[in-house]
Amino acid sequence: MNKIKAFSTRNRKEILRDPLSYIFCLAFPLVMLIIMTVVNSSIPKQAGMTVFRIDNLSAGIAVFGQTFVMLFTALTVTKDRSGSFLVRMYATPMKSTDFTIGYILPMIIISFFQSIIIYIASFIISIITDVDLNIGGMLLSIITLIPSAIMFICFGLLFGTLFNEKSAPGLCSIIISLSSFLGCIFFDADATGGAMLKICKALPFYYCTKSARSCVKLDFSSSTFIIPIIIVIVCATVLGILSSAVFKSKMKADLS
Amino acid sequence: MNAIETKDLTKKYKTKTAVDALNLTVNEGELFSLLGVNGAGKTTTIRMLSCLSTPTSGEAYVNGKSCKDEKDEIKKIIGISPQDTAVADNLTVRENLDFMASVYYTDKAVINEKVDDIIRIFNLSEVENQKAKTLSGGWKRKLSIAMALISEPKVLFLDEPTLGLDVLARRELWHAIESLKGKMTIILTTHYMEEAEHLSDRIAIMISGKIKACGTVADLEELSGKKGLEEAFVAIAERGMSEDE
């Protein structure tokens, strides 16, 4: 346990002392929150388009922010792998599970505080724009966002383990784009329907946004919250197991 | 008990044999240098002895423990300073040491004591609150070795510790390494003759994965019929390479 604590503390400090992590994980989502609120104010009410209204946007941006935590997870792992840092650590009594938990744990904490900051900003915007935003819903959503945070972090761990410093961020960018668009953060697939909705529903990102949005609105019905959150939990579990297994296998290969 | 013992230790990568049937014995408390040109197999040997690479065949023992079957036990008693300075860039010198100590120890008081001791021994106090990424090459190497020593290893592996350092930084690091002599077994790889000569109790000359000669500087001079380690090394290396051809 002391090894996990030591390694996760090191990873937390490494990321929190990198100014780029604040720009990507915090500033950029907050800027998007403001920009999309401005866009929303320009959309006529008659259009009936509510995806950018703060009660829908806040949860979407919280998920959007998590995708950048994924990027920084991948960057941390690739950086450790490309230098001799992991080689040094492999020669210590640390096991592969110490490494994987040590990478995942601080990212969950970072993502948790990221969600809090995004919801605080959303609450301020809701007051300015005079839109009702449920504080209880937001508080609950911070908790229910944890499975999707784990899912994205495990994507980052997987890419960081399998690819190098150049290709891992590229793959993360694909996931960021896919989750933004097909996760319905900046796009209302439910209103569109058809093949587009089917594609969105075939990917886990849609369910991350859907469950977070429903939670903010305190809508806990089966179709809007229970089933989506179960899908997210299953995906997070599968990716958690997969990324840990891949890291273990890669570590074994590195030591062969 | 020997600190290191290898029996026909071999490492092959597809068609290339990096280490070829290496038979080596290092005494406890000895500073033993592996000297060789690039690609001689020095780093591969260190990697196998520190359980970072599995031998293709043969046996290796560290303090009597098998590198194949007792890896976990060996990892508790070794320290390694890799060729690249493997430090956490955004952590301060003290935090890097604290982090490594926390991997081995649980008691915070013990951890603090170990960190304070190593900072004092390596004269790191003037940079202890400086981030590792802002350190000069020499300080980084010092930190890297200090991190390897925090667990008080019985066997310390130093893989080209002074590579790329200026002469003053190198000399300072030599003093630090010299201060460890006798306290633990040190395996050092280098291709700097003066470094091997200055620091080592015994030197092994590796060429193409094989040990071509092993002994004190005087032994190597006698074996080659040349004066000075550099001349002895060149003679042994050239003879070794022509034998392999």
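This tour moves through a predicted model, from the contact between two chains to a nonpolar core and then to a pair of packed helices.

Begin by selecting the place where chain A and chain B meet, a contact that takes 20 residues from chain A and 22 residues from chain B. On the side of chain B that touches chain A, colour α2 (71–77), β6 (78–81) and α3 (93–104) of chain B, which are the elements giving two or more residues to that side. Of these, α3(B) gives the most, with four residues. If you then colour this side of chain B by residue class, you will find ten nonpolar, seven polar and five charged residues.

Next, turn to the largest nonpolar core, which has 152 residues, and select those with the most contacts inside it: Val69(A), Met70(A) and Ile153(A), together with Ala146(B), Ile187(B) and Ile205(B). Helix α3 of chain A, residues 54–82, gives the most to this core, with 15 residues. Centre the view on Ile153(A) and, leaving aside residues up to four places away in sequence, look for the residues that it touches, among them Val69(A), Met70(A), Ile104(A) and Ile108(A).

Finally, select helix α7 (residues 146–162) and helix α12 (residues 222–254), both of chain A, which pack with their axes 8 Å apart and at an angle of about 25 degrees. Because angles under 35 degrees count as roughly parallel, α7(A) and α12(A) are roughly parallel to each other. Their crossing is left-handed. Show side chains along the contact, including Ile150(A) and Leu158(A) of α7(A) and Ile233(A) and Lys250(A) of α12(A); by class, this contact has 17 nonpolar, four polar and one charged residues.

Key
Residues are numbered from 1 along each chain as its sequence is written. Chains are lettered from A and ligands numbered from 1 in the order in which they are written. This is a predicted model: local features need pLDDT of at least 70, side-chain atom pairs count only at pLDDT 80 or more; totals for chains, interfaces and linings use all residues. Two residues are in contact if their C-beta atoms, placed from the backbone, lie within 7 Å. Ala, Val, Leu, Ile, Met, Phe, Trp, Tyr, Cys and Pro count as nonpolar, Asp, Glu, Lys and Arg as charged, and the others, Gly among them, as polar. A nonpolar core is a set of buried Ala, Val, Leu, Ile, Met, Phe, Trp, Tyr and Cys residues joined through C-beta atoms within 7 Å. A residue is buried if 20 or more other C-beta atoms lie within 10 Å of its own, exposed if 12 or fewer, and partly exposed in between; C-beta atoms are placed from the backbone. Axes are lines fitted to C-alpha atoms, for helices over the stretch in contact, and angles run from 0 to 180 degrees between N-to-C directions. Angles under 35 degrees count as roughly parallel, over 145 as roughly antiparallel, 65 to 115 as roughly perpendicular and the rest as oblique. A crossing is left-handed if the near helix is turned anticlockwise from the far one by less than a right angle, and right-handed if clockwise.
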